[in-house]
Amino acid sequence: MDPTDKAIVNRLQQGFPICDSPFRYVAEELGIAESELLARLQTMLAEGVLSRFGPMYHAEQMGGALTLAALKVPDDRFDEVAEIVNAFPEVAHNYARNHVLNMWFVLATEKPEQVSAVIGRIEDATGLAVYNMPKISEYYVGLQLEA
């Protein structure tokens, strides 16, 4: 990432403006053309520098649910199981952990009662027990990663 890419990532973590031309607004703040901002975002997404660019929704406030879940996956099945889990549209993200529970993922459902049904389908598809770790309390940390 060059300094302009870093400035884009750092600026967009501060929030996305709600206006008629939000990309133009951000581009002007950064001193670049809107077309350059859009091209750089597309390049960073295509190259995997950014895994996603989009809004973060508060599922519970929209009537849905989120839960953190984990699996204990045999090493020789990790890629296979990751592919199965990632095929579920309710899986928001999935990552490996250096832990006995070595695959962790977040489920996001439209309705709270769907969480256990999706967990059951993942268990059926993988043959592995899913450990459900629902949120008890929420804390706002305000994390921003400096690029």
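At what angle do the axes of helix 1 and helix 3 (residues 34-46) cross, and within what distance do the axes come? In this predicted model, the two axes cross at roughly 90° and come within 11 Å. Helix 1 and helix 3 are therefore roughly perpendicular to each other, since angles of 65 to 115 degrees fall in that class. On the side of helix 1, the contact is made by Thr 4, Asp 5, Ile 8, Val 9 and Leu 12, and helix 3 contributes Glu 36, Leu 37, Arg 40, Leu 41 and Met 44. By class, these residues comprise six nonpolar, one polar and three charged.

Helix 1 (residues 3-12) also packs against helix 2 (residues 22-30), at an angle of about 125° and with the axes 11 Å apart. That angle makes helix 1 oblique to helix 2. The crossing of this pair is right-handed. Ala 7, Ile 8, Arg 11 and Leu 12 form the contact on helix 1, whereas Tyr 25, Val 26, Glu 29 and Leu 30 form it on helix 2. Six nonpolar and two charged residues take part in the contact of helix 1 with helix 2, and no polar residue does. Ile 8 and Leu 12 of helix 1 are thus listed in the contact with helix 2 and again in the contact with helix 3. The loop between helix 1 and helix 2 holds Gly 15. Gly 15 has a relative accessible area of 29% and is therefore partly exposed, this class lying between the limits of 20% and 50%. Gly 15 is separated from Asn 94 by 79 residues in sequence and by 24 Å in space, C-alpha to C-alpha.

Another helix pair is formed by helix 4 and helix 5, which pack at an angle of about 145° with their axes 10 Å apart. The crossing of helix 4 with helix 5 is right-handed. Val 81, Ile 84 and Val 85 of helix 4 meet Ile 122, Ala 125 and Thr 126 of helix 5 in this contact. Five nonpolar residues and one polar residue make up the contact of helix 4 with helix 5, with no charged residues.

In soluble globular proteins, nonpolar side chains tend to be buried together. The largest nonpolar core of the model has 19 residues, of which Leu 71, Val 85, Met 103, Phe 105 and Ile 122 touch the most other members. Two or more residues of this core come from each of strand 1 (65-71), helix 4 (78-86), strand 3 (103-109) and helix 5 (114-126). A second, separate core has 10 residues, including Val 9, Ala 27, Met 44 and Leu 50. Of these, Val 9 and Met 44 also belong to the contact between helix 1 and helix 3.

Within the largest core, Val 85 lies in helix 4. Val 85 has a relative accessible area of 0% and is therefore buried, the limit being under 20%. Apart from neighbours within four places in sequence, Val 85 is in contact with Leu 71, Val 91, Asn 94, Met 103, Phe 105, Ile 122 and Thr 126. One of these partners, Ile 122, is 37 residues from Val 85 in sequence but 6.6 Å from Val 85 in space, C-alpha to C-alpha. When residues up to four places away in sequence are not counted, Ile 122 touches Val 85, Phe 88, Val 91, Phe 105, Leu 107, Gly 127 and Val 130.

Ala 70 is located in strand 1. With 0% relative accessibility, Ala 70 counts as buried. Its contacts, residues up to four places away in sequence being excluded, are Leu 101, Met 103, Trp 104, Phe 105, Ala 129, Val 130, Tyr 131 and Met 133. Ala 70 and Val 49 stand 21 residues apart in sequence, and their C-alpha atoms are 26 Å apart in space.

Methods:
Residues numbered from 1 in each chain as written. Predicted model: local features only at pLDDT ≥ 70, side-chain atom pairs only at ≥ 80, totals over all residues. Heavy atoms only, no water. Core = buried A, V, L, I, M, F, W, Y, C linked by side-chain atoms within 4.5 Å. Buried < 20%, exposed > 50% of the residue type's maximum accessible area, 1.4 Å probe, protein only. Helix = DSSP H or I, 4+ residues; strand = E, 2+ residues; numbered from the N terminus. Contact = heavy atoms within 4.5 Å. Axes fitted to C-alpha atoms, helices over the stretch in contact; angles between N-to-C directions. Parallel < 35°, antiparallel > 145°, perpendicular 65-115°, else oblique. Left-handed = near helix turned anticlockwise from the far one by under 90°. Nonpolar A, V, L, I, M, F, W, Y, C, P; charged D, E, K, R; others polar.
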